[in-house]
Amino acid sequence: MATTIAVVARRVGRPCGVCSLPAATREWVEESLAEGSSISSVSRQLGLRPGRESIASHMKGGHLRADLEERVLRHQGLDTVSIVGRITEIAQGHRQTVLEAEESGNGNLAIRARDAELRALGALAAAGFDTERDAQAQVLTRRIANAAVTVAKTDSAVADALLLALDAAGHPDVADLLAIELSANEMGTP
Ligand SMILES: [Zn+2]
């Protein structure tokens, strides 16, 4: 999917600085990002061609190789969803440890695990979530929204329907932002 979008974007819209690189260089860029290299350092090592903005828009535009995308976004801090999901998993893991430690009478371990669980829950609360359920709902919502935007980018009827639905739901500001995002890809009409 990501490749298809990248190919279409290159043909229809402005050429993407990363997608236009020779295949081996593009692969090196994406793999470096997936391993945690910063956008700046990747750009610098290529003599600033492509520049940081090009690399960022390549990442945000859904051009990344599908199997690298999640790792890249996580490393580059663009994926708050996975952070929330991870904290939730950590809290659940610690809670399991608390229960097991209490059952086996290991008081010290139970206290340490409870402290760890509290820290994870504190991080969730600081991120504005009252319950783990809220956090998980947010993860789900974001994934659905990402999927909707991905489809809207390739299908103008879906894009229009999405914009109308946002308007009708009383979120014209969100519709405007989405319209800008979609038009940046210059893929309005199929
Ligand atoms: Zn690209």
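Residues are termed buried when their relative accessible area is under 20%, exposed when it is over 50% and partly exposed in between, with a 1.4 Å probe and protein chains only. The structure is a predicted model, in which local features need pLDDT of at least 70 and side-chain atom pairs count only at pLDDT 80 or more, whereas totals for chains, interfaces and linings use all residues. Residues are numbered from 1 along each chain as its sequence is written, and side-chain values use heavy atoms, with hydrogens and water left out.

Cysteine 16 counts as buried because its relative accessibility is 8%, and cysteine 19 does so at 3%. Both cysteines appear at the zinc ion, which is coordinated by Cys16 (SG), Cys19 (SG), His58 (ND1) and His63 (ND1) at 2.0 to 2.3 Å, donors being N, O and S atoms within 2.8 Å of the metal (3.2 Å for Na, K and Ca), with water not among the atoms, so that sites may look incomplete. The four donor atoms subtend angles of 104 to 115 degrees around the zinc ion, and the arrangement is therefore tetrahedral (four donors with all angles between 85 and 135 degrees). Along the chain, the donors follow the spacing C-x2-C-x38-H-x4-H.

The largest nonpolar core (buried Ala, Val, Leu, Ile, Met, Phe, Trp, Tyr and Cys residues joined through side-chain atoms within 4.5 Å) has 16 residues, and Val18, Val29, Leu33, Ile39, Ile55, Met59 and Val72 have the most contacts inside it. A second, separate core of eight residues includes Val84, Ala91, Ala135 and Val139.

Conventions. Four donors count as tetrahedral if all angles lie between 85 and 135 degrees; four count as square planar and six as octahedral if opposite donors are over 155 degrees apart and all others between 65 and 115; anything else is irregular.
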